[in-house]
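The exercises below ask you to read a structure step by step, with a worked solution after each task. Try each task with the sequence and the model in view before reading on.

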Amino acid sequence: MASQPGPFTNWPWHRLGNFKYALLAPFVAHSVHKFVTSNEEERDFFNFSILPILLLRLLYSQLWISISRYQTARSKRRIVTKSLDFDQVDRERNWDDQIILTALLMYLGNMFIPGAQKLPWWNTKGLILAALLHIGPVEFLYYWFHRALHHHFLYSRYHSHHHASIVTEPITSVIHPFAEEFVYFLLFSIPFLSLAIIRAGSIVIAVGYLVYIDFMNYMGHCNFEMVPNLIFRIFPPLKYLMYTPSFHSIHHTKFQANYSLFMPIYDYIYGTYDKTSDSLYEKSLKGREEMKTDVVHLTHLTSIQSVFHLRLGFASVASRPYISGLHLWIISPFSYLLVPLTWIFGTTFSIERNNFNKRSMETWVVPRYSFQYMAKLEKSTINRLIEKAILDAEKMGAKVLSLGLFNQGEKLNRYGEIYLSKNPRMKIKIVDGTGLAAALILNSIPEGTKRVLLIGKLNKLAYYLSLVLCQRKIQVETVQKELYEFLKLQLPQEMKDFMLLSDSYLSKVWLVGEGLRYTDQMKAAKDVHFIPYSQFPPKFVRKDCIYHSTPAMVVPKAFENLHSCENWLPRRVISAWRAAGIIHMLEKWETHECGEVVTPIDKVWHSALKHGFTPFKYTSEI
């Protein structure tokens with residue numbers, strides 16, 4: 001929103017949410033009906049192609065978002081290195097408004113403007129005229145309108161909304177108040193209307209001009225330099241006819257320069273060309289010196305639809321806790337098509353880069369889904385992927401790699417120990433986060449609790465929790481005989497009296513892991529606390545019970561560039577396993593936390609608080 005919103009700031013359908021697409025329904029129905037019922041000579045292919053154009057533009061825009069975010073997570077050609085935040089993601093989540101408006105105006109223009117019906121596929125004269133009209137009237141009028149928008153009166157009421165994004169993404173280019181965007185549409189319609197009047201339009205010109213506008217808009221705001229210097233060396237005058245991402249980034253950082261639409265010629269003519277544009281272009285193209293990555297967190301895909309929740313997926317979806325809602329089920333057929341790619345794609349990839357206290361950290365994804373970790377045939381492949389990621393992280397100078405979700409486990413890799421056995425000279429520290437996760441769980445147990453029920457699959461964290469609870473003389477009960485016998489065997493003699501095999505479910509505090517069944521939850525008493533020690537949260541079944549979050553921490557305010565949610569966790573909250581790696585690096589601990597090794601609870605707890613991390617205390621009574 002602009003600092004002082006003016007008239008017609010809001011889009012007409014801003015209250016409709018995703019139902020705004022219903023506005024197109026009458027036009028689409030009319031178009032399809034007219035096309036189907038007309039004979040071949042009377043069919044208007046341009047009218048019929050408006051819907052496919054809209055869908056392709058949506059896909060094209062999303063591809064730009066994904067490519068840009070992938071590049072800014074790993075590329076040295078980033079132009080502006082400042083942080084994105086959730087406010088910007090929220091501000092830019094309605095980037096599709098302009099695509100809907102284009103489609104509506106195309107339908108209306110086709111219906112009411114003479115010469116806009118039954119366009120031929122090609123018209124050479126029209127193509128030349130469209131290019132001249134863009135270079136002349138469109139670029140010229142845009143330049144002066146843009147300069148007017150930077151006058152305080154219009155800037156505060158309209159254009160400041162666009163300039164709220166210093167670090168731009170491709171879709172930043174189309175984030176404007178409705179009134180401002182509508183003027184842009186009037187400018188871009190000059191070639192269309194002129195060609196319609198003289199009946200020189202064509203389908204190729206209409207589609208090609210939209211592709212050109214989208215490409216140049218998105219390229220100029222992608223925040224990484226991608227235009228090769230070779231094309232300017234071959235044809236030097238091109239620098240006046242085509243801008244670069246670094247050229248336009250100056251407009252977003254300095255505001256009072258580089259006003260041109262796509263062609264810098266008018267900035268040269270009227271003296272608003274910034275003299276640092278060329279040097280910034282060369283510097284960005286060469287690649288800046290990156291801060292070395294200090295920590296890598298290794299995660300993986302979870303459910304089939306989770307691919308769209310990645311930072312590289314749908315920005316507005318990734319900025320909220322993952323919930324497999326209707327919108328994701330609608331597009332789930334596309335996500336199933338991506339599953340085979342996980343067998344083909346042979347390496348991990350970076351999805352996020354964060355900064356904290358002048359330290360850099362990345363999140364990498366193993367291209368495997370949760371269900372694939374359950375398959376025995378995938379075990380060796382997954383281990384190879386994880387081992388390669390560890391070695392790659394060490395090569396790039398990372399000090400710590402933390403294992404998230406199913407990337408750690410007794411059966412898979414003995415909680416990371418097998419990688420140490422295979423690479424004894426490895427300097428990078430492997431962290432499974434058991435100590436911090438245990439500390440968070442223990443601090444979630446209500447004060448005064450005398451006994452807890454341990455239920456679910458046994459893992460390293462469950463054993464360590466049992467050990468600490470017994471040390472604190474809190475009775476640990478379980479209804480699982482195998483679990484009881486194992487823990488009884490492993491616990492020191494003086495603690496075994498605090499371990500009890502029970503046939504009751506009366507404890508008010510349950511520590512729950514993977515394998516918690518619906519029938520188990522139904523046996524719980526009212527107001528029971530379900531505290532997960534698993535990486536994944538239990539299903540919410542009981543309305544009269546209290547469900548805690550999986551172990552997690554709220555990051556400090558100085559933690560930068562965090563604008564996507566980690567799975568089901570809320571904004572600016574990260575899992576204990578991810579936080580553990582960061583704390584391990586900040587404290588410069590020279591030990592691994594994997595295999596049977598656990599970082600002492602008090603040690604990691606006080607270190608986390610010292611660095612500004614706070615426990616995420618969320619309970620849900622559904």
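Helices and strands are here DSSP runs, of at least four residues for a helix and at least two for a strand, numbered from the N terminus. The model is predicted.

**Exercise 1. Two annotated domains**

Task: Find which spans carry the two UniProt domain annotations, and describe the helix and strand content of each span.

Solution: Begin with the record, in which an unreviewed UniProt entry gives "domain: Fatty acid hydroxylase" for residues 133-272. In the model this span, residues 133-272, is 63% helix and 0% strand, and its end C-alpha atoms lie 23 Å apart. Next take residues 452-615, where UniProt, again in an unreviewed entry, places "domain: Very-long-chain aldehyde decarbonylase CER1-like C-terminal". Over residues 452-615 the chain is 29% helix and 18% strand, with 21 Å between the end C-alpha atoms.

**Exercise 2. The nonpolar cores**

Task: Determine which residues touch the most other members of the largest nonpolar core, and which elements supply it.

Solution: The largest nonpolar core holds 55 residues, and Leu436, Leu511 and Phe613 are the ones that touch the most other members. Elements that each supply at least two residues of this core include helix H20 (434-444), strand S9 (509-512) and helix H25 (601-610). To look at one of these residues in detail, take phenylalanine 613, whose contacts, not counting residues up to four places away in sequence, include Phe356, Met553, Ile574, Leu586 and Ala608. A second core, separate from this one, has 53 residues, among them Tyr107, Phe185, Met216 and Leu261.

**Exercise 3. A strand with two covered faces**

Task: Establish which strands pair with S4, and whether the residues on its two faces are buried or exposed.

Solution: Start with the partners. Strand S1 (residues 293-300) pairs with S4 in the parallel sense over four bridges, and leucine 298 has leucine 403 as its bridge partner in S4. Strand S5 (residues 429-431) also pairs with S4 in the parallel sense, over three bridges, and here serine 402 has valine 431 of S5 as its bridge partner. Then turn to the faces, for which a general rule helps: in a regular strand, side chains alternate between the two faces of the sheet. In strand S4 (residues 400-403), Val400 and Ser402 are on one side and Leu401 and Leu403 on the other, and all of them are buried, so that both faces are covered.

**Exercise 4. A three-stranded sheet and the loop beside its pairing**

Task: Work out the order of the strands in the open sheet that contains S12, and then say what glutamate 560 touches.

Solution: The open sheet has three strands in the order S13-S12-S14, with antiparallel pairing. Its edge strands, each pairing on one side only, are strand S13 (573-575) and strand S14 (614-615). Strand S12 (residues 552-554) pairs with S13 over three antiparallel bridges, and alanine 552 stands opposite serine 575 in S13. Glutamate 560 is placed in the loop between S12 and S13. Because its relative accessible area is 39%, glutamate 560 is partly exposed. Leaving out residues up to four places away in sequence, glutamate 560 touches Ser83, Asn354 and Asn355.

**Exercise 5. A buried arginine**

Task: Decide whether arginine 542 is buried or exposed, and find which backbone oxygens its side chain reaches.

Solution: First locate arginine 542, which is in the loop between strand S10 (529-532) and strand S11 (546-548). The cut-off for a buried residue is under 20% relative accessible area. Arginine 542 has 9% relative accessibility and therefore counts as buried. Its side chain reaches the backbone oxygen of glutamine 521 at 2.7 Å and the backbone oxygen of alanine 524 at 2.8 Å.

**Exercise 6. Positive phi and cysteines**

Task: Compare the settings of phenylalanine 8 and asparagine 357, and then state how many disulfides the structure has.

Solution: Phenylalanine 8, in the segment before helix H1 (25-37), has a positive phi near 60 degrees, and because its relative accessibility is 65% it counts as exposed. Asparagine 357, in the loop between strand S2 (349-356) and strand S3 (359-366), has a positive phi near 50 degrees, and at 48% relative accessibility it counts as partly exposed. As for disulfides, a search of the whole structure finds zero. Cysteine 222 is buried, with a relative accessible area of 0%, and cysteine 565 is buried as well, with 6%.

Note on methods: Residues numbered from 1 in each chain as written. Predicted model: local features only at pLDDT ≥ 70, side-chain atom pairs only at ≥ 80, totals over all residues. Heavy atoms only, no water. Buried < 20%, exposed > 50% of the residue type's maximum accessible area, 1.4 Å probe, protein only. Polar contact = N/O pair within 3.5 Å; in protein donor to acceptor, adjacent residues only side chain to side chain. Core = buried A, V, L, I, M, F, W, Y, C linked by side-chain atoms within 4.5 Å. Contact = heavy atoms within 4.5 Å. Pairing = 2+ DSSP bridges. UniProt positions renumbered as here; feature names shortened; annotations may be inferred. Disulfide = S-S within 2.5 Å.
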